[in-house]
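Good morning, and thank you for joining this session. Please look at the sequence and the model on the screen, and I shall then take you through selected features.

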Amino acid sequence: MAMMRYAEALNQALREEMQRDSSVFLFGEDIGRYGGVFKVTKGLMDEFGESRVRDTPISEQALAAMAVTASMTGTRPVLEIMYADFMPLVLDALINQASIYEYLWQNVTMPFVLRTQGGGGAGAGAQHSKSLDSLVAHIPGIKVVAPVTPADAKGLLKSAIRDSQPVIFLEHKLLYNLRDEVSDDPELLVPIGKAKTVREGTDVSIFATSRMVLESQKAAELLAQDGISAEVIDLRTLRPLDLDAITASIARTHHAVVVNEGWRFCGYAAELSATIMDFAFDNLDAPVARVTLPDMPVPYAEPLELSVLPNAARIADAARATLK
Amino acid sequence: MTDITVVGAGGEYMESVVVVSWHKTPGEYVAAGELVVTVETAKAATEIEAPVSGILADIRAQIGEEVAIGTVLGTIRDGTVESAPATAAPTAAAVPAAPAAPALVPVAPPVATARPTRINASPLARRIAASRGIDLSAIVPSSPSGRIKLRDVEAVDRAREAPERHSVASGPTSPAPSISLTRRGSGSRTPFVFLHGFGADGFSWQPLLATLGADHAAVLVDLPGHGRSPALSNAGSFEDLASAVAQALTETGIGECHLVGHSLGGGVAIALAETGRVALRSLTLIAPAGLGPEIDGDFLDGFCRATRAESLRPWLLRLFADPSIVSPGYVQATLKARGEDHRRAQTTLADRLFPDGTQAWEMRAALRRVAVAQKIIWGECDRIIPMRHALGAGPETAIHLLPHVGHMPHVEAPATVARLILQNARCAGRNGAGAT
Amino acid sequence: MKNSPSLDEQLEMHRKMVIVRRLEERLGELHKAGRTRGPIHRCDGQEAVGIGATAVLGTSDFVTSTHRGHAHYIGKGVDIRGVTAEILGRATGTCGGRAGHMLIGDRDNGMIGGNAIVGGSIPAATGMALSIQVRGTADVAMCFFGDGAAQTGICHESMNMAGLWKLPVVFILEHNQFGLTVHHTVQSPVADLSIRAAGYAMPAEIVDGNDTVAMYRAVATAVERARRGEGPTLIEAKTYRMQGFSTSDMGGYQSDADLAEWNRRDPIQVSRRGLADAVSAERLDQIEAGAVAEVDAAVEEALAAPLPTFELFTRSSPYATAPEAV
């Protein structure tokens, strides 16, 4: 075990997997010489060379499409898209290419990972602060993970690289400096598709993704002061969903709050909510509450940005309302 | 063999009733038209008369049991011998299914027609209620969303079980001269004691109970000359009634309570507080009498005179802001719950307390002396006692005026009233000494 | 001449072109008879581009195609019976009827694959070339795309990276003059799109796309260059789309004079003339008859084959986690 930052945990995962498998290679903007704008790929070009760690032109559309076919033909590419806000540029590669071939052709695999980071709170403005989880989680045939802790970041990235299917790996810009214990066992993987209960409770289940897990944990503290026992579940994998964890928790608490930093309408929280309705309806004692970004751009100035981002107080309010 | 069943009467909001008491034992002779079993609905007790003469063969619905409207409560077999030896009653299975006989005079329209809208309940509450045979239509939601939740179903479940678990304290109490108290629930906290209004009885609190939660037991008092309590021939003031209530509470071992009184019961509650014979934790008055001279004398006269549904209904309408509450079933249930003896007793009581359409007894000063947390709740559309009487309360009394509600806030807005009562009780817990 | 095909190779290209032509004609008939499904994009008149270019490749090389890919499929060695059955939506099709004529993929033969997002084949082949370079093999990736696809942004992005990293990819611009119904002169200010190659530091060549031998020679040079690690080449094959955009095309925008002119340069006739000195007419007739018979048999077989039955695709979890709730 070692204490390390989230970014360092990702770096370690990349290094270990590149050492383990020579077909793993990295490409993306600024990831090589500079080591990535969030320093996730720091030092890797020196260790693995310019062929396996490539700085690319600013060409997201082609890069993503190339990741798809490179993965079909014997390599395991890990592509970094600098901001999740740029994901609309790569959607053709995901929706019209990666999503269809395993079904149509059946004898191909697409073991590529697309890493990106989103989320607000850093004053990056309306084109660099979004959480577009629902855009990618919407696509069949593609897995989507969003780790919160350094240990999960490492374990899930290693699982993603070894997976035979496309995995979208969602990071959050405010998580990179989060420090925690991380195992140095190179074979310690975190399975894709498994949620994690980060706080047990009996009155209400809070299902959260990415940084919202941290806010939900704070919300649970607030609720505890009111005598409300909240369970917080870090979904970790956005697709495929851990239905068992979700339904088991609701069977205990009968109340659900879903939290996602993306937009509300047709958002990831909406899908979670519908899924809960599908699979846990008869255990619900109140409608599922959604806590999301309002349907608007993320503004720049601090008081404006903080006004739109979901936070602990809002999550706690939603939990209280659902319990009324 | 003839079935004893309950149909319609008093059940306009319910698909089920709770058996309160059997007036005959198996093997006993019963004449057609004679009272055989009393059941309780949301609004009132309903006495069920024997449909035919014969021997009460068996009792199928035990006291405290909730059964659906139309269920066979018991059967009467042919026979003329009075006090025939109680032979082994035929088992239920051995009884051929007879077509349901018209056991009662079914004046009320079919129950279904009175159901206003779809019941709003959470999926979980629905599922649990179905599995436990609980009728959702009888539950008043506690959530501000208006949706019945699991806790509401569980409250009903507990209330239903309570009479069995606490058989000593439940049902009509035994001392003959005393008055009837019905205990609901088994909450460990200080109980609520409920005093009903003129012409009503303890069951009038039914809509409120579901939302009151399980922490406190509820003691439903039938004031003298009302419900199952005999008249108190010399009662001439709020104090006289309060004294009878105090005695009954003492005999039942209730030394401490949160007191809730409506209308006449409000005046009695203030008087009871004055006696000091019961340790009050909080006092909640709903459109109480005793705070001013005005009262609708026409209502009192008309209500007391009425012996038929046609003459009673117009006066009942005056009680509510929402006329739809006064369904034919409700009128019928009120009529049946009263009976001729009670009607006469109530007429006498009204004449003494409210002579010539005036409230003769002034309780404002007494109210100001009551030192516990106080709330007054009044419907803004009250046509029986003017809402401005609330202003007679002291400066520490909280006054809650409910829009679109008449003289019966606990029936028209039960969730709100329950919330306010609980609030008052909690308030008492914070400010006063002792547990709540 | 350097990189010329052998006689056998030339005959095989001729045979394959006849196969493709016969397939397109049969599909036209079947469409008129109402026995096909959806639009079908025929490549009549363009066969030499795909057949000539793919003749240079080995099985382990990769090809990405377009929505008009029948010549590419056949050229790369995908079984005619599987292709025919797939186009006719049969369970015996290359992709079991799941893909249809625009999206046929055959991983074992390096055809991966058809692509009906115009321009989609360009980064697809570039990505495969990237994979080849990272792995360090001598394979090449070949990309077919049209003059319409050449106007997409992703074309620029891909060629820029291919040139920058000297990726082993051969870009075959199958210039058939039309993007759907719109003539290339309305889509681009330059007639010869290959002049763009200079911007990516890659060589380019304009080739008669109706001449298999010319295609073969040019592509063979490009493929050799790619295998040597010297980077990509852009080959602009000038040809002409004799049938409409698809079977749903109402026509009316192609001039009779153009059609007559390009008909005189029909690639199968060009090929026949080129073989006339070396091979007897009887032999060529025999080869052509064999090809026609092969296609006809494939069509009959496909029409008699069972239609596929639907099965929820549950092999991979992301598809499988969306069961409909009860």
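I begin with the contact between two chains, in which chain A contributes 40 residues and chain C contributes 35 residues. Please bear in mind throughout that this is a predicted model. On the side of chain A that touches chain C, the elements giving two or more residues are α2, α3 (60-72), α4 (87-105) and α9 (268-280) of chain A. The greatest share comes from α3(A), which supplies nine residues to that side. Sorted by class, the side of chain A that touches chain C holds 19 nonpolar, 15 polar and six charged residues.

A second contact involves chain A and chain B, with eight residues taken from chain A and 10 residues from chain B. Here the side of chain A that touches chain B divides into three nonpolar, two polar and three charged residues.

Let me say a few words on chain C by itself. Chain C contains 11 helices and nine strands. Its length is 326 residues, of which 52% count as buried. Among the contacts in chain C with a separation of 6 or more, 75% are between residues 24 or more positions apart.

I now return to chain A and to its sheet. In what order do the seven strands of the open sheet in chain A run? The order is β3-β2-β4-β5-β7-β6-β12, and the pairing is mixed. At the edges stand β3 (53-55) and β12 (237-239) of chain A; each has a single partner strand, so one side of each is left without a neighbour in the sheet. From one strand to the next, the twist averages 20°. As a general reminder, the strands of a sheet pair through backbone hydrogen bonds, either parallel or antiparallel.

Two pairings within this sheet deserve a look. Strand β4 (residues 76-81) of chain A is joined to β5(A) by four bridges, and the two run parallel. In that pairing, L79(A) has L114(A) of β5(A) as its bridge partner. Strand β6 (residues 143-145) of chain A pairs with strand β7 (residues 167-172) of chain A, in the parallel sense and over three bridges. There, V144(A) stands opposite I168(A) in β7(A).

Is strand β5 (residues 113-118) of chain A mostly covered or mostly uncovered? It is mostly covered, since six of its six residues are buried. V113(A), R115(A) and Q117(A) point one way from β5(A), whereas L114(A), T116(A) and G118(A) point the other way, and all are buried. L114(A), named a moment ago as the bridge partner of L79(A), is thus one of the buried residues of β5(A).

Next, the helices of chain A. Helix α1 (residues 6-20) of chain A and helix α2 (residues 44-52) of chain A have axes that come within 11 Å and cross at roughly 55°. That angle makes α1(A) oblique to α2(A). The crossing of α1(A) and α2(A) is left-handed. On the α1(A) side, L14(A), R15(A) and M18(A) take part, and they meet L44(A), E47(A), F48(A) and R52(A) in α2(A). By class, the residues of this contact are four nonpolar, no polar and three charged. Helix α2(A) also lies across β2 (24-28) and β3 of chain A, and runs at about 70° to β3(A). As noted, α2 of chain A is also among the elements that give two or more residues to the side touching chain C.

One residue of chain A merits a closer view. R5(A) is located in strand β1 (residues 2-5) of chain A. Why does R5(A) count as partly exposed? It has 18 C-beta neighbours inside 10 Å, and 20 or more would be required for a residue to be buried. Leaving aside residues up to four places away in sequence, R5(A) touches P150(A), Y176(A), N177(A), L178(A) and R179(A). The C-alpha atoms of R5(A) and A151(A) are separated by 9.4 Å, although the two residues are 146 residues apart along the chain.

I close with chain B. Four of its strands form an open sheet in the order β1-β8-β6-β3, with antiparallel pairing. The edge strands are β1 (2-5) and β3 (29-30) of chain B, each of which pairs on one side only. β3(B) pairs with strand β6 (residues 54-59) of chain B over two bridges, in the antiparallel sense. In β6(B), G54(B) is the bridge partner of V30(B).

How values were computed
Residues numbered from 1 in each chain as written. Chains lettered and ligands numbered in written order. Predicted model: local features only at pLDDT ≥ 70, side-chain atom pairs only at ≥ 80, totals over all residues. Axes fitted to C-alpha atoms, helices over the stretch in contact; angles between N-to-C directions. Parallel < 35°, antiparallel > 145°, perpendicular 65-115°, else oblique. Left-handed = near helix turned anticlockwise from the far one by under 90°. Contact = placed C-beta atoms within 7 Å. Nonpolar A, V, L, I, M, F, W, Y, C, P; charged D, E, K, R; others polar. Buried ≥ 20, exposed ≤ 12 C-beta atoms within 10 Å, placed from the backbone. Pairing = 2+ DSSP bridges.
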